[in-house]
Amino acid sequence: MVWRDTKPEAMAVLIEGYRRMTAEEKLRKVDELNKFLVALIEAEVRKRYPDADEREIRLRVASRWLPPELMKKAFGWNPKERGY
């Protein structure tokens, strides 16, 4: 893994920290990062669609991950027509 804006020494410390984490700690970190990502996308959807209700917001967020065919079949939501 190479990050151009991170010094090699700092990267080594980060990698060593990840190596010392237990599997449970790593999974918890992934869960936290996923929740953060969903919150960011949800905030962007709320900004773009200020009149959207909670269901529409959840559908627009879900449509970022789920294939359009599944969105149509499971939720009756066509991202190609309604947007993401």
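Begin with the whole protein shown as a surface: its accessible area comes to about 7,000 Å², of which 57% belongs to carbon and sulfur atoms (Shrake-Rupley method with a 1.4 Å probe; for residues, only the protein chains shown count as cover). This is a predicted model, in which local features need pLDDT of at least 70 and side-chain atom pairs count only at pLDDT 80 or more, while totals for chains, interfaces and linings use all residues. Residues are numbered from 1 along each chain as its sequence is written, and side-chain values use heavy atoms, with hydrogens and water left out.

Switch next to a cartoon, where the secondary structure comes to five helices and zero strands (DSSP runs numbered from the N terminus, with helices being H or I of at least four residues and strands E of at least two). With the C-alpha trace displayed, the span along the principal axes is about 50 × 25 × 20 Å. The radius of gyration is 18 Å, whereas a compact globule of 84 residues would have one near 12 Å (taken over C-alpha atoms; the globule rule is 2.2 Å times the number of residues to the power 0.38).

Now select helix H3 (54–62), starting just before it at aspartate 53, which caps the N-terminal end of H3 with a side-chain oxygen 3.3 Å from the backbone nitrogen of arginine 55. Within H3, colour the buried residues Glu56, Ile57, Leu59, Arg60 and Val61 (buried means under 20% relative accessible area, exposed over 50%, and partly exposed in between, with a 1.4 Å probe and protein chains only). These buried residues of H3 pack against helix H2 (23–48), H4 and helix H5 (79–82).

Move on to the loop between H3 and H4, and pick serine 63 there. Serine 63 counts as buried because its relative accessibility is 3%. Show its neighbours as sticks: leaving aside residues up to four places away in sequence, serine 63 touches Met71, Trp77, Pro79, Gly83 and Tyr84 (contact means heavy atoms within 4.5 Å).

The last stop is tryptophan 65, in the loop between helix H3 (54–62) and helix H4 (68–75). Tryptophan 65 counts as partly exposed because its relative accessibility is 47%. Add Leu37 and Val38 to the selection, since together with Trp65 they make a nonpolar surface patch of about 260 Å² (patches take residues with over 30% relative accessible area and no salt bridge, joining like charges within 9 Å and nonpolar side chains, Val, Leu, Ile, Met, Phe, Trp or Tyr, within 5 Å; a salt bridge is a side-chain nitrogen of Lys or Arg within 4 Å of a carboxyl oxygen of Asp or Glu).

Key
A polar contact is a pair of N or O atoms within 3.5 Å; within protein, one must be able to donate a hydrogen and the other to accept it, and residues adjacent in sequence count only if both atoms are side-chain atoms.
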